[in-house]
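Student: I've just opened this one and I'm not sure how to read it. Can we walk through it together?

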Amino acid sequence: MVWIRGGEFSMGAAVNGHGSGEMAMPSNDAEPIHRVRVDGFWMDKTAVTNEEFEKFVRATGYVTIAERTPTKEEFPTAPPENLVAGSVVFAPTEHEVPLNNHFQWWTYVKGANWRHPQGPEAISGEKKNIRSCRSLYPDAEAYAKWAGKRLPTEAEFEFAARGGLAGKTYTWATNFVRREMDGQHWQGKSQ
C-alpha cells in the first residue's frame, strides 16, 4: 500500500452535455466538474489479482455475486432460463455500431465469473497474476474487509488516478487511446 497525500482537485470531466453516446468515457455522471478536497489515505499500489482474490475465497468460502444463482424474487419478470449464475462479457462486433445501446457489445454469459472471466468454455489463458474481474462492489467490499483494508471513495480513487493531472478529460491523459495498455478498453480489430 502507498500513502496518498490528500489535497484539493477538480473532480469530474466535461462532456459538453453529450454523455456516453459520444465517446466511451466520460459519461454524463462525471459532470459537473467541481472542487473536492480529500484527506490523506492508504491505497493499494496495484489492482487485486486473481491469486490474491483466490486466497480470500479459500479462507472465507465467499461466493461472488456472479457465482450466485439469481432468484425469481430478485428478478420477478425474468424468464426461468435466464436465472443462471454468470456475468456480462464484452463481445466485439463484426462491424461499427452506434454507441447508444450497450447490448450490442456486452452479452450475459452463463458461468462467467472471476475464475472464468470469458465463461467456463473459453480458453483464455487466464492467469493468477492478472487483475481480478467479474466482481461487483459487494465482492470488492468483502475482500477489502477480509484484507483489513477499505475501498477508496470515488473522490479518493479519482484523486489518486489523476496523479496531479488537472483539467484532463481522462484521469491519465487527454486522449483515450493513450490508455491502450489497459486491457479493459477495446480499440477495435487489427487488420
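Student: What phi does Gly163 take, just after α3?

Tutor: Keep in mind that this is a predicted model. Here Gly163 has a positive phi of about 50 degrees. You'll find another case just after α2, where Gly148 takes a positive phi of about 75 degrees.

Student: Now the helix itself. Which residues of α3 are buried?

Tutor: A residue counts as buried when its relative accessible area is under 20%. In α3 that applies to Ala155, Glu156, Glu158, Phe159 and Arg162. Looking down the axis of α3, you see these buried residues fall within an arc of 165 degrees, so they line one face of the helix.

Student: And what covers the buried residues of α3?

Tutor: Strands, among other things: the cover includes β1 (2-4), β2, β3 and β4.

Student: How do I read α2 in that way, and which of its residues are buried?

Tutor: Helix α2 spans residues 137-146, and its buried residues are Asp139, Tyr143 and Ala144. They cover an arc of only 135 degrees around the axis, which puts them on the same side of α2. Turn to the other side of α2 and you meet Tyr137 and Lys145, which are exposed. As for cover, α1 (50-60) is included in what lies over the buried residues of α2.

Student: Which residues make up the largest nonpolar core?

Tutor: General idea: in soluble globular proteins, nonpolar side chains tend to be buried together. In this model the largest nonpolar core has nine residues: Ile4, Phe9, Met11, Val36, Val38, Phe41, Met43, Ala155 and Phe159. The elements giving two or more residues to this core are β2 (7-11), β3 (34-38), β4 (41-43) and α3 (154-162). There's also a second, separate core of six residues, and Phe53, Val57, Trp114 and Tyr143 are among them.

Student: Let me zoom in on one core residue. What does Val38 touch?

Tutor: Leaving out residues up to four places away in sequence, Val38 touches Gly6, Gly7, Phe9, Ala155, Glu156 and Phe159. Look back at α3 and you'll spot Ala155, Glu156 and Phe159 among its buried residues.

Student: What about the outside: which residues make the nonpolar surface patch of about 390 Å²?

Tutor: That patch is made by Met1, Trp3 and Trp42. Try finding Trp3 in strand β1.

Student: How exposed is Trp3?

Tutor: Trp3 has a relative accessible area of 47%. Exposed means over 50% and buried means under 20%, so Trp3 is called partly exposed.

Notes. Residues are numbered from 1 along each chain as its sequence is written. This is a predicted model: local features need pLDDT of at least 70, side-chain atom pairs count only at pLDDT 80 or more; totals for chains, interfaces and linings use all residues. Side-chain values use heavy atoms; hydrogens and water are left out. A nonpolar core is a set of buried Ala, Val, Leu, Ile, Met, Phe, Trp, Tyr and Cys residues joined through side-chain atoms within 4.5 Å. Buried means under 20% relative accessible area, exposed over 50%, partly exposed in between (1.4 Å probe, protein chains only). Helices (H or I, at least four residues) and strands (E, at least two) are DSSP runs, numbered from the N terminus. Contact means heavy atoms within 4.5 Å. The arc is that of the directions from the helix axis to the C-beta atoms. Patches are made of residues with over 30% relative accessible area and no salt bridge: like charges are joined within 9 Å, nonpolar side chains (Val, Leu, Ile, Met, Phe, Trp, Tyr) within 5 Å. Accessible areas come from the Shrake-Rupley method with a 1.4 Å probe; for residues, only the protein chains shown count as cover. A salt bridge is a side-chain nitrogen of Lys or Arg within 4 Å of a carboxyl oxygen of Asp or Glu.
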